[in-house]
Amino acid sequence: MSSNLQRSGILCVVSGPSGSGKTTLCRAFTAADENAFYATSATTRSPREGEKDGDDYFFLTRDDFEKRATRGEFLEYAEVHGNLYGTLKSEVIEHIRAGRDVLMDIDVQGADLVRGVNDTIIQNALIDIFILPPNDEELANRLDSRGTETREQLDLRLHNAHEEMSHWQEYGYTIVSGSREQDLAAFEAVLTAERHRSSRYRASDFEIKNSSQAELDL
Ligand code: 5GP
């Protein structure tokens, strides 16, 4: 058999509470892997210091977000910590079709919506990973050390973190966060194994043509 196979892309949903380190992890993985893309989300929340439109998020007004939602431009969207967040279809579909892997850093509501998308390409591509902080104390420390939220926002995120964490068993994979290096190694291990699933491979046109020609030659 020829090894001229083409692999379909993976849609990797990554969730975990604010402060679990999931965004850093996804960014580190996609920066080092040319076949993996980070799906930049749209949000109605204001940019934090240093955040760039189109890079960290597409920052939209609520009105613009809602119009795009009505036009069906989102694969999923949800209200998180009082703001709207959503993944645009344009950030996902073409990459997967082209055999590239897409990482979506989204909340548990969004993950549930993606699991419910009635589309074979999405369902065959989908895997999900939950990033759990090692303990409550470390979670609070990580949130505090970002220094980007007010006390009120921090309290809301801590409260929401516990609700979010109660969903970890709905995910196929769980990574209990340790050091950045440990988290990245665990993440790479999952993606490496998933990339080797036989069901993701199909014979390319080239192989089909060659093997049928070979049979005729016999
Ligand atoms: P942050 O405001 O800290 O950047 O993100 C807050 C939360 O929104 C995070 O838990 C993150 O996973 C979630 N989030 C970011 N983008 C999306 C998205 O496109 N869809 C959904 N459902 N959640 C998102």
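This section describes the pockets of the predicted model and the surroundings of its ligand.

The largest pocket encloses about 1000 Å³ of space. Its lining comprises 45 residues, of which K22, T23, T24, D105 and R146 are the closest to the pocket centre. Several secondary-structure elements take part in this lining: the helices α1 (22-32), α6 (136-146), α7 (151-165) and α8 (180-195), together with the strands β6 (74-80) and β7 (83-88), each supply at least two residues. The greatest contribution is that of α1, which gives six residues to the lining of the largest pocket. In terms of residue class, the lining of the largest pocket consists of 17 polar, 16 charged and 12 nonpolar residues. With regard to domain organisation, the largest pocket lies between domain 1 (2-39 + 100-217) and domain 2 (40-91), because both domains give residues to its lining.

The second largest pocket holds about 190 Å³ of space. The residues R45, S46, R48, H81, N83, T148, E149, Q153, L156 and R157 form its lining. Helix α7 provides the largest share of the lining of this second pocket, namely three residues. Polar residues number five in the lining of the second largest pocket, charged residues four and nonpolar residues one. Both domains are again represented, since at least three lining residues of the second largest pocket are drawn from domain 1 (2-39 + 100-217) and at least three from domain 2 (40-91).

The ligand is surrounded by 17 residues, and those that come nearest are S41, R45, Y57, Y85 and D107. R45 is also listed among the residues that line the second largest pocket. Polar contacts to oxygen atoms of the ligand involve the side chains of Y57, R48 and D105. For Y57, a polar side-chain atom is placed 2.5 Å from a ligand oxygen atom. In the case of R48, a side-chain N or O atom and an oxygen atom of the ligand are 2.9 Å apart; R48 also belongs to the lining of the second largest pocket. D105 places a polar side-chain atom 3.1 Å from an oxygen atom of the ligand. On its own, the ligand has 510 Å² of accessible area, and the protein covers 95% of this area. D105 is, in addition, one of the residues closest to the centre of the largest pocket.

Definitions and conventions. Residues numbered from 1 in each chain as written. Predicted model: local features only at pLDDT ≥ 70, side-chain atom pairs only at ≥ 80, totals over all residues. Heavy atoms only, no water. 1 Å grid on protein atoms, 1.4 Å probe; cavity = no way out; pocket = protein on both sides within 12 Å on 5 of 7 lines; lining within 4 Å. Points joined across faces, edges and corners; volume = space filled by probe spheres on them. Helix = DSSP H or I, 4+ residues; strand = E, 2+ residues; numbered from the N terminus. Nonpolar A, V, L, I, M, F, W, Y, C, P; charged D, E, K, R; others polar. Domains from an automatic or database assignment. Near = heavy atom within 4 Å. Polar contact = N/O pair within 3.5 Å; in protein donor to acceptor, adjacent residues only side chain to side chain. Areas by Shrake-Rupley, 256 points an atom, 1.4 Å probe, with all protein chains shown as cover.
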